[in-house]
Amino acid sequence: MSAAFLQFALLLAIMTALVVPVGNWLYTVFAGERHTAPERLTYALIGINADERMGWQRYGLVMVMSNLVMLLLAYLLIRLQGLLPWNPAGLSSQSPDLAWNTVVSFLTNTNWQAYSGEQSLSYFSQMAVITTFMFTSAATGFAGAAAFMRGLAGKNGADLGNFWVDFTRIIYRVFLPICFVLALVFVWQGMPQTLNPYATATTLEGATQTIALGPVASLESIKHIGTNGGGFFSMNAAHPFENPTPLTNALHILSMLLLPSSLTYAFGRLISNTRQGWVIFGGMLVMFVGFLLTLYSFEQAGNPILSKLGAEQTISATQAGGNMEGKEVRFGIAQTALFATTTTAATTGSVDSMHDSYTGMGGFVPMLQMMLNNVFGGKGVGFINFVQYLILSVFIAGLMVGRTPEFLGKKIEAREIKLVMLAVLAHPLSILGFTALAVALPEPLKSLNNSGPHGFSEILYAYTSGTANNGSAFAGLSANTPFYNLTIGLAMLVGRYLTLLPMLAVAGLLASKRRVPLSSGTLPTDTLLFGALSVFIILIVGALTFLPALTLGPVADHLQMVYP
Amino acid sequence: MTLPDPFYREKITTAQTATPLPRLLLSALLAALLFTVLCGLVYPLLTTAVAGALFPSQAGGSLIVQGGRTVGSAVLGQNFTAPNYLHGRPSMTNKTDGSGPAPYNAENSGASNWGATNPKLHDSVQQQLAAFRKENGLSDVAPVPIDAVTASASGLDPDVSLATALLQVNRIAQARGLQPAEVEQVIRSHLINRQLGVLGEARVNVLSVNLALDALQ
């Protein structure tokens, strides 16, 4: 027990210590005036004007256009895999519906995988499509967040910056240097990084074991720095080649949290109010710790049905115990709980254990975090969602005291609230709507691996994960069917663009408003009180929207386990 | 009253001044190609070259070669069923073509994905309990560590808990004609402690113990 809490405290302390230095670094990336030489060369090569200033419509248009072209290019590359080099296992191309699902998934930074990596993608596709998308989709998210923050800061009128500049700088100054160094550390710890074909071993007992290899480490580092989450191998970060030691597991966790947590501080600097940044960070941290402890205690308590059969799940000097189905011995429950909480908080979606095999309430936590989708959050999107709730909190508090709501010196009026509500409602509509559709039809139910409440959870989890652009799964669901490929693909697009674009519009509208002077009627948003209020609003809105569905799924599942 | 911001720029792109759509699409295409080459080829290939030079063994998959024969990877589990070897955890991996179970298939990682209330999980654990007790000469009600009777997430878990390893000592000793104390000594000397003293859990790497046992004789 104490060892678990020591690990939690250690990793969260390291994360917090990195917030200021990394936040300052991100600030210079977002706000620096100077272009470096490689950046200027890039702008010349792709033929854009780096000094163009974009309003929110223009910024949004350029973002969507660039994403659309990447989508088409990647679809082409995946479908032509059979003709392209570095395919030592001779894998054929994915089917059209699967390829659609794959490219949308990586484009939207969801990294939902309806395929198995070692069975379906060549080394070329893993590098040129998957690894590339991990950079570009994460950079798109961060660029969106940068524009959003500039709008809120409102220092340059309607100017939200330049998409190409944000996009390029994040890749060159943040992602590439960190990922290169991290990949080398990963290889040192035992991750493969090779173009050699799959190895063949003769085991001690004389059997033949074919060992899938590949350029794993270079994918793994951006997978978590960009909070992407898609694995090289089918079993993702549970596979010893993706996560060989507890140290790599800890680095995976820290990589996922590094940029999302530091973004709060960069935001504080952009609006010249670091207190506001810390209030957001604090709100996120409080929720994170609460979710972590919930998940940990339910999984460590184990499965009473297995105890009755005679399986020993208590911690002792010689074993770590807990619900170990679908978990790895080197991580135990503590590191697994930390990983699962982080991956669903930071919208990453990688897994180092099988969430499908959690206890009911253990599975409740990842699902709820994706439904709230703002506890740290990945690549800027979680941050945008958190601010969306801050605006909602200002509005609700304004209604309670009967004053015009203001946020960061700008009046919040009907148009902004309508856009915020569009983003707030698109999320549950997609999750609950698609889930309802899937359970109402006969065909989708054939994909279930478990029955009863747990089967319902599998479907609910799939659409939650897709809409939240998370990508983790209750992986028992056989999701590679035309129905799921199509609908989860749509859910991913709704989740990505119906959050990003309305909030970009909000930022653009706020940016062009006059700043109103502080008065005694202003509700300060950089206080502990307001932080607590917004956490309550997040939990209440989340709970009211999703509790009925969660009750039918994980809660009923847990009760069945405790009272079989 | 707000002060004018020194960085304020009036020159926001408007519909008139913006680059036309075909030009924008061309830039988007060039950007897609450029970043594919840079992030998708240059970066992973450079990492492959540097990692291969610095850590050739790990970069190649930590393969263990004995007398010219590759016997496995140090970080992956493999299937052990013979009585003279330490056994790993149950594995749910399938054959590569998906046609049936094949434990520890390192070409097709996989898990059960059974929920905690799934009767298939309960049946499987019951069978694993009975098998583990029988092969290790334990009583029908002896508690068995959870990791010995549940499948790992990857199907390739290279480790077991110390408790699971120690319960197998008598069987291995008997099959090899060794003293139980000698086998226990090998296992305990291969105990991997928490990394840096805090991270993860203490564990025993099954393949390294079995290689050491073979080396004894």
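## Two helices under cover

A residue counts as buried when 20 or more other C-beta atoms lie within 10 Å of its own. In this predicted model, that cut-off is met by 15 of the 21 residues of H14(A), so the helix is largely enclosed by the rest of the structure. H14 of chain A covers residues 381-401, and its length checks out: at 1.5 Å a residue it should span 30 Å, and its end C-alpha atoms are indeed 30 Å apart. Right after the helix comes Gly402(A), with a positive phi near 75°.

H17 of chain A, residues 452-467, can be read in a similar way. Here 15 of the 16 residues are buried, leaving the helix mostly covered. The expected span at 1.5 Å a residue is 22 Å, and the end C-alpha atoms sit 23 Å apart, which agrees. Just past H17(A), Asn469(A) has a positive phi of about 55°.

## Positive phi in two loops

Most residues other than glycine have a negative phi. Ser272(A) goes the other way, with a phi near 55°. You'll find Ser272(A) in the loop that links helix H9 (246-270) to helix H10 (274-301) of chain A. With 9 other C-beta atoms within 10 Å, Ser272(A) is exposed, since the exposed class takes in residues with 12 or fewer.

Leu408(A) is not a glycine either, yet its phi is positive at about 55°. Its loop runs between strand S4 (406-407) and strand S5 (410-411) of chain A. How buried or exposed is Leu408(A)? The count for Leu408(A) is 19 other C-beta atoms within 10 Å, so it comes out as partly exposed; 20 would have made a residue buried.

## Where the chains meet

The contact between the chains draws on 119 residues from chain A and 104 residues from chain B. On the chain A side, what touches chain B splits into 57 nonpolar, 45 polar and 17 charged residues.

Strands take part in linking the chains, too. S3 of chain A (residues 311-312) pairs with S3 of chain B (residues 144-145) in the parallel sense, over 2 bridges. Within that pairing, Ala311(A) stands opposite Val144(B).

## Chain B in two parts

Chain B is divided into domain 1, residues 21-56, and domain 2, residues 79-216. How far apart are the centres of these two domains of chain B? Taken over C-alpha atoms, 42 Å separate them.

Methods
Residues numbered from 1 in each chain as written. Chains lettered and ligands numbered in written order. Predicted model: local features only at pLDDT ≥ 70, side-chain atom pairs only at ≥ 80, totals over all residues. Contact = placed C-beta atoms within 7 Å. Nonpolar A, V, L, I, M, F, W, Y, C, P; charged D, E, K, R; others polar. Pairing = 2+ DSSP bridges. Helix = DSSP H or I, 4+ residues; strand = E, 2+ residues; numbered from the N terminus. Expected span 1.5 Å × (residues − 1). Domains from an automatic or database assignment.
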